[in-house]
Structure formats: structure tokens, C-alpha cells
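Please follow the account below with the sequence and the three-dimensional model side by side, moving from local backbone features to the wider arrangement of the chains.

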Amino acid sequence: MKYTYYPGCSAESTSRDQHTSSKAVAEALGIDFIELKGWSCCGSTPAHQTDRVLAASLSAANLQLAQKAGRDVVVNCASCYSRLKTANHEVSSNPGMRQKVGEAMGGEYDGSVNVRHFIEVLIHDLGLGALQEKLKYSLNGLKVAPYYGCLLVRPREIMGFDDPENPTSMDRLITAMGGESIDWPHKVECCGGGLALTRTDLVISLTDSILSMAEAAGAECIAVACPMCQVNLDMRQLDIERNRGKQYNLPILYITQLLALCLGASREKTGLNKLMVPPEKVTRAVISGVSAAT
Amino acid sequence: MTIRIKKGKKINGIISSVQEMSGVDLSVCFQCKKCTSGCPVSAHSESPPAEIIRRLQLGAGNEILDSDLIWTCASCETCFARCPMRIDTAAVMDALRALAMARGAKVPAGNAPLFNKAFLKTVEIFGRTYDLGMIAAYKIGTSTYLQDTDKFPAMLKKGKIALLPSWDADKKTVKRIFNKTVKTR
Ligand code: SF4
Ligand code: SF4
């Protein structure tokens with residue numbers, strides 16, 4: 001199984017742990033990630049908030065670059081995933097846009113390169129059975145709240161890989177790892193995403209309500225797939241504690257970190273030391289399973 | 001909300017520009033307000049999404065570009081996902097932001113336009129984002145040096161903020177895209 005891998009900018013900064021853990025997961029499962037040479041920023045939220053052609057072109061340039069290799073492009077970051085898929089949709093459904101994008105980037109692109117999220121690849125291409133065969137450790141009943149946020153699932157017309165109101169793909173991965181996937185109502189609520197720096201007040205209020213719902217549902221940690229969700233939910237717990245006097249102590253892990261842990265990847269690649277809220281509850285659950293078995 | 005309409009006044013306003021830029025037909029909105037109920041920031045904003053659409057239908061002009069929702073909107077797409085008429089309100093918000101910048105609307109709280117500019121500037125130069133450069137430009141522009149500084153040391157230590165920008169992107173194509181789009185308009 002070979003894929004062209006598009007890391008996205010945050011893989012080099014805020015979500016380095018998502019990047020290294022997903023590469024470790026791919027390696028352990030025999031999935032070949034071939035990094036797209038010369039990849040550039042997808043444009044993210046600031047591009048589409050500024051100019052539609054700019055946004056579509058920045059993303060399309062990467063897909064055009066990937067086209068020659070003829071493989072599906074696999075992405076981890078929910079924001080990159082959404083932008084690349086939106087660019088595909090824009091150029092394939094709108095001839096005027098296709099022409100403008102072609103002019104802007106100096107080339108032709110028809111929107112035909114398949115963009116896949118790593119979760120999608122794990123569930124649909126590899127399959128949960130094959131994944132389970134390779135697992136070395138279990139989450140051992142750890143209660144995990146799967147948090148999808150916005151961009152992985154919305155809008156349905158463009159993303160189209162899971163239900164936009166009640167997605168279940170991460171739930172299935174958690175169950176496959178021996179964890180208990182919590183049923184809770186805030187799976188697809190918004191954490192404030194790109195408002196992190198501009199309207200921190202709003203992000204604090206939105207993350208507070210997500211965290212309090214996860215806590216009420218009995219979660220011991222939250223699994224995410226988006227760098228913005230991870231940073232907001234993890235880092236803002238400090239502010240919530242300081243400004244609102246509430247302490248959640250809920251570790252926020254990328255789903256790929258949970259997988260890397262259960263696949264026995266190295267500590268460095270799993271990157272649990274990158275988290276602001278220490279994930280002791282998670283490692284303790286995995287270790288308790290190991291000592292019970294021996 | 002109270003909306004006053006002068007008798008006999010012809011409706012024009014900026015709705016046609018918004019529809020053209022977003023590719024969305026706003027005439028089919030029947031004010032069910034599902035967009036507003038699901039919007040994560042409507043409770044924190046003066047005008048919720050359904051109201052913005054209604055005001056556009058009724059002929060709002062440039063004054064609507066000062067609405068705070070244009071910049072509190074997190075582009076979460078919940079409004080689009082839940083609209084029974086398939087109106088892409090998130091795309092309407094993008095069009096309103098572009099118009100707000102082009103027509104010099106007032107600077108919103110938190111100055112998101114400056115953040116977007118700082119972000120895109122690093123992309124234009126390096127082909128990829130460079131967090132430190134972007135954060136510095138934004139913080140200098142908004143004089144919010146102290147906010148979040150408590151988290152910086154930990155983030156740097158954990159490698160969550162890269163010290164140096166990346167050099168491996170296809171910078172030529174990215175520069176060309178900027179030159180052919182936002183720079184020539
Ligand atoms: S959900 Fe759609 S139809 Fe209902 S008020 Fe919002 S835009 Fe109008
Ligand atoms: S995209 Fe913007 S307007 Fe629509 S629901 Fe989300 S925050 Fe509200």
C-alpha cells in the first residue's frame with residue numbers, strides 16, 4: 001500500500017507529534033508514505049477567508065505536484081484535508097475556477113487526484129481486522145471521547161467520508177484498540193479553530209463547553225485528528241483553570257498517538273511528551289493491561 | 001432584530017456582489033434559523049447568520065460589513081451542513097470578509113484581517129507557514145505581547161513552535177500564485 005503523503009505546515013511545528021506518530025503507525029502496518037517533494041501550504045483558513053482563487057490555487061498546486069506519481073494523497077491534518085478536497089471540488093465543478101487556478105499556478109489541474117484522510121485509509125484500505133492483528137498493546141477499557149470537530153466531516157458534499165452529525169470512524173478505531181469509545185453529544189462541535197490567537201476569549205468558552213461535556217460523559221481522555229483542535233483543547237485547559245477556576249486534566253491525544261502506543265512505536269515517535277496535559281491516565285491503562293497479562 | 005424598510009425603496013445593496021463572489025443564491029432562505037441555532041459563535045455575536053442573510057435580502061449596503069459575525073465566524077461549516085435549502089453561509093461569510101477588507105470596514109476585535117495577512121505573508125515568502133514570524137507580526141500589530149507568553153517556553157521546549165522556517169517548499173509556484181491573485185487585484 002503506497003500513498004503520497006502530504007504533511008502540512010503544522011507537521012513542522014504544533015503537530016509534529018501527529019506527524020511522527022502517524023508515520024510510525026504507517027510503518028508498523030506496512031503502509032508506505034512517500035512524502036510529496038516540494039509541498040507547500042494548503043492556504044488554510046486565512047487563504048479562503050481572503051480570496052477564493054488564492055485558496056483553491058495554493059491547494060491545487062500541491063495536488064498538481066502529486067498527480068504525476070499517480071497515487072492517492074494521504075493527509076493527517078483535518079484543515080489540510082478540507083482545503084485540498086475543497087480545491088478538488090472547486091476545479092472539477094466549476095470550469096471558470098479551473099481556468100483561473102490554472103493561470104495562477106501556471107499549469108493544468110483537473111481535480112482528479114484522490115485526497116484521503118489517514119483514518120479513512122486505516123478503516124477502508126487496510127481494514128480493522130488487519131489493524132488488530134498488528135496491535136501489541138490494548139487500551140484496556142480506557143474511556144476515550146472521540147472528537148471530530150468541523151473540518152473532517154463538514155460539508156458532507158465535499159468531505160464525504162463519515163456522517164457529518166454522528167461520525168463513527170474514530171469510535172471504531174478506539175474500540176479496535178480495546179478502548180471504550182464514549183458516546184457524547186459534542187463530537188462535531190467547533191473548538192473555535194483558527195480564532196486561537198485573534199479571539200482567544202471565544203476559544204476558551206467553546207473549549208470549556210467541549211471539555212465539560214467530555215468530563216460529564218466520563219471520558220478519561222479525548223482523541224482528535226486536527227492540529228487546531230489538539231492545541232485549543234490541550235493548551236486552553238491552562239487558561240480555563242486560571243480564568244474560570246475549573247480543572248479538567250483531560251489529556252488530548254491524536255488518534256495516531258493512541259495507535260502508535262498500541263502498536264508499540266518508540267516513545268520518541270509516539271510523542272506523548274509533547275502534550276501539555278500529561279497523559280498518565282492513558283499510559284497507565286496500557287501498562288495495567290501488560291502487567292495483567294504477564 | 002428590528003429591520004426598517006422605507007416604503008417604495010428599491011432593494012439593491014451588496015447582495016448581488018455577495019452572491020456572485022460566493023456562488024450562493026440567497027433568495028431561497030426562508031429564515032428557519034437552523035444556521036443560527038447551530039452556529040458556535042452566534043451567542044457571542046451581535047448578528048447571527050440568519051439575520052445577516054435577511055439583512056442582505058432586504059438590501060443591506062456596506063454598513064453590514066461592520067457586523068462582528070464576519071470575523072467571529074470560525075468557518076466551521078455547521079450552518080451549511082444544517083441548512084434545509086443548502087445555502088452555503090460559510091461561503092457567504094468568506095465573501096463578506098473579502099468585501100469588508102476591500103471596502104475598508106472597521107477593524108474587528110482581535111484584528112483577524114491582520115492575522116490573516118501575517119499568516120499569508122509567511123506563506124508567500126517561505127511557501128509554508130512560519131509560526132514565529134507570523135505570531136511576531138501579529139503581536140506587534142495588535143500590541144498583545146503578553147497574551148499567551150506563559151505558554152511560549154513550554155511550546156518551544158516541546159518543539160511545538162519551530163524556531164526556523166522550512167526551506168523545502170516549491171516557493172516559485174507559491175509566489176506566482178500570490179502575484180497572479182491577491183497582488184494584482
Ligand atoms: S438554515 Fe438556511 S434557510 Fe434556514 S435561516 Fe439559515 S440560511 Fe436561511
Ligand atoms: S461557518 Fe461561521 S457562521 Fe457558519 S455556523 Fe460556523 S461560525 Fe457560524
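In this predicted model, A:Ser44 belongs to helix H2 of chain A, which covers residues 44–50. The residue has a positive phi of about 50° although it is not a glycine, and with a relative accessible area of 12% A:Ser44 is buried. Such a value deserves attention because most residues other than glycine have a negative phi, and most peptide bonds are trans. Chain B offers another case in B:Asn111, a residue other than glycine whose phi is positive and near 45°. B:Asn111 is placed in the loop between helix H6 (89–102) and helix H7 (112–126) of chain B, and its relative accessibility of 18% means that B:Asn111 counts as buried.

The peptide bond itself departs from the trans form between A:Arg154 and A:Pro155, which are joined by a cis bond with omega of about -10°. A:Pro155 lies in the loop that runs between strand S5 (143–146) and helix H8 (156–159) of chain A.

Turning to the strands, chain A contains an open sheet of 4 strands in the order S2-S1-S3-S4, with parallel pairing. Its edges are formed by strand S2 (32–35) and strand S4 (115–117) of chain A, each of which pairs on one side only, and the twist from one strand to the next averages 45°. Strands of a sheet pair through backbone hydrogen bonds, either parallel or antiparallel. Strand S3 of chain A, residues 73–75, runs parallel to S4(A) and is joined to it by 3 bridges; within this pairing, A:Val73 stands opposite A:Val115 in S4(A).

How is helix H12 of chain A, residues 255–262, placed relative to the rest of the structure? This helix is largely enclosed by the rest of the structure, because 8 of its 8 residues are buried. The buried residues of H12(A) include A:Ile255, A:Gln257, A:Leu259 and A:Cys262. Just after H12(A), A:Gly264 takes a positive phi of about 75°.

The cysteines call for a separate look. A disulfide is a covalent bond between the sulfur atoms of two cysteines. With a cut-off of 2.5 Å between the sulfur atoms, the count over all chains comes to 0 disulfides. A:Cys190 is accordingly in no disulfide, and the nearest cysteine sulfur, that of A:Cys150, is 3.8 Å away; A:Cys190 counts as buried, at 5% relative accessibility. For A:Cys229, the closest cysteine sulfur is that of A:Cys226, and the separation of 3.8 Å is too far for a bond. A:Cys229 is buried, with a relative accessible area of 5%.

Cysteines also appear around ligand 2, whose surrounding residues come from chain B and include B:Cys39, B:Cys73, B:Cys76 and B:Cys79. Also in this shell are B:Pro40, B:Val41, B:Ala74, B:Ser75, B:Glu77, B:Thr78 and B:Ala90. By residue class, the shell around ligand 2 divides into 8 nonpolar, 2 polar and 1 charged.

At the level of whole domains, the assignment for chain B gives domain 1 as residues 15–102 and domain 2 as residues 112–184. The C-alpha centres of domain 1 and domain 2 of chain B lie 28 Å apart.

Key
Residues numbered from 1 in each chain as written. Chains lettered and ligands numbered in written order. Predicted model: local features only at pLDDT ≥ 70, side-chain atom pairs only at ≥ 80, totals over all residues. Heavy atoms only, no water. Domains from an automatic or database assignment. Buried < 20%, exposed > 50% of the residue type's maximum accessible area, 1.4 Å probe, protein only. Helix = DSSP H or I, 4+ residues; strand = E, 2+ residues; numbered from the N terminus. Near = heavy atom within 4 Å. Nonpolar A, V, L, I, M, F, W, Y, C, P; charged D, E, K, R; others polar. Pairing = 2+ DSSP bridges. Axes fitted to C-alpha atoms, helices over the stretch in contact; angles between N-to-C directions.
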